[in-house]
Amino acid sequence: MAHTAMSGYGTTAGDDPLQTAVWRLRSRACWADAAALLRPDTPAAALQRAALLVERCLYTEQGWEDAEDALRTAEAAAHSDDERGAAACERGQLAYAATLHTVRDRADEARAALGRAAALIPPGAPGRALLDFRRGLLAENLAHSPQAARAAYRRAHAAATAHADPLLLSFTWRHLAGLALREGELAEARHGFTESLRIREELGYLVGTAPALASLADTEPEPEATRLREEARRLFRLLGGVPTWLARQLSTPGPPAADAASA
């Protein structure tokens, strides 16, 4: 399941050189190049390759067919419950991304796939943290149920802490902070966004740093807010306008929109 989360791979000294190369490309928004390094000749490699291409869809709104092809390969290669559950989790994420970006309404497919993953991945397993996080995304952005989203994010946060998954922690901090901000809990939101940014900078997760900067800016007074947004714009331009939805947030200061809460 670490392949699905793709956290902790290539981010610390002593990691496999291939995973280090994959991480560096992924963190710089080069998902297709990262996927090209992986030969899908094992279930784990097929799953990691699919996860990279699914993530590209969420950040760029492109590459849908490539992600579908890679996901079908991963699904066919899966043999154990953990592998089938991880593939179902990616299936749910791809359907969620397509719905979020209004490519096609696949909300029912997303819910069904994540439900299938929940039946296959037991509580306490490492992959459960990512699954809970993605169920939170559906609750927040498709079902518009902040209470259910918060509960899912908190489960994911606790599991990511227990399994030492810093990248996923950067996501749970960010999304819990987003909910706090919308409820007017400014100090709580600032703390969460600060933690998310800190982790992403420490990991070198460049593609996730601009969104973290922009979100933190929404909790800071001037002139710090302007400084943070300018830094976010610089990184956004450096990465060629990725993630695509960040353009809307940077052009309209204020609490993050629902689609901006996906990364």
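These notebook entries record what I looked up in a predicted model.

**Entry on helix 13**

I began with helix 13, residues 224-238, and asked how its span compares with what 1.5 Å a residue would give. The 15 residues should span 21 Å, and the end C-alpha atoms are indeed 21 Å apart, so the expectation and the model agree. I then looked up burial along helix 13 and noted that A225, L228, R229, A232, L235 and F236 are buried. They cover an arc of only 125° around the axis, which puts them on the same side of helix 13. On the other side of the helix I found R237 and L238, both exposed. I also looked for what covers the buried residues of helix 13, and the list includes helix 12 (206-217) and helix 14 (246-251). Just after helix 13, I noted that G240 takes a positive phi of about 75°.

Within helix 13 I also recorded a salt bridge between R233 and E230, whose closest N and O atoms are 2.7 Å apart. Because R233 and E230 are three residues apart in helix 13, about one helical turn separates them. R233 is partly exposed, with a relative accessible area of 22%, and E230 likewise counts as partly exposed, at 41% relative accessibility.

**Entry on helix 7**

I repeated the span check on helix 7, residues 107-120: its 14 residues should span 20 Å at 1.5 Å a residue, and the end C-alpha atoms lie 20 Å apart, which agrees. Which residues of helix 7 are buried? I listed A107, A110, A113, L114, A117 and A118. Their arc around the axis is only 140°, and this puts them on the same side of helix 7. The face turned away from that buried side carries D108 and A119, which are exposed. Among the elements covering the buried residues of helix 7, I noted helix 6 (81-100) and helix 8 (127-142).

D108 came up again when I looked at charged side chains, since D108 and R111 meet in a salt bridge at 3.2 Å, N to O. Both residues lie in helix 7, three residues apart, about one turn of the helix. An α-helix has 3.6 residues a turn, so residues three or four places apart point the same way. D108 counts as exposed at 62% relative accessibility, whereas R111 is partly exposed, with a relative accessible area of 39%.

**Entry on other salt bridges**

How many salt bridges are there? I noted a count of 23. One of them joins the side chains of R39 and D41 at 4.0 Å, N to O. R39 is exposed, with a relative accessible area of 65%, and D41 is exposed as well, with a relative accessible area of 55%.

**Entry on the nonpolar core**

I turned last to the largest nonpolar core, which has 81 residues, and asked which of its members touch the most other members. They are Y59, Y96, F171 and V207. Helix 10, residues 166-182, gives the most to this core, with nine residues. I followed F171 further and, leaving out residues up to four places away in sequence, recorded that F171 touches Y59, F133, R200, Y205 and A263.

How values were computed. Residues numbered from 1 in each chain as written. Predicted model: local features only at pLDDT ≥ 70, side-chain atom pairs only at ≥ 80, totals over all residues. Heavy atoms only, no water. Helix = DSSP H or I, 4+ residues; strand = E, 2+ residues; numbered from the N terminus. Expected span 1.5 Å × (residues − 1). Buried < 20%, exposed > 50% of the residue type's maximum accessible area, 1.4 Å probe, protein only. Arc of directions from axis to C-beta. Contact = heavy atoms within 4.5 Å. Core = buried A, V, L, I, M, F, W, Y, C linked by side-chain atoms within 4.5 Å.
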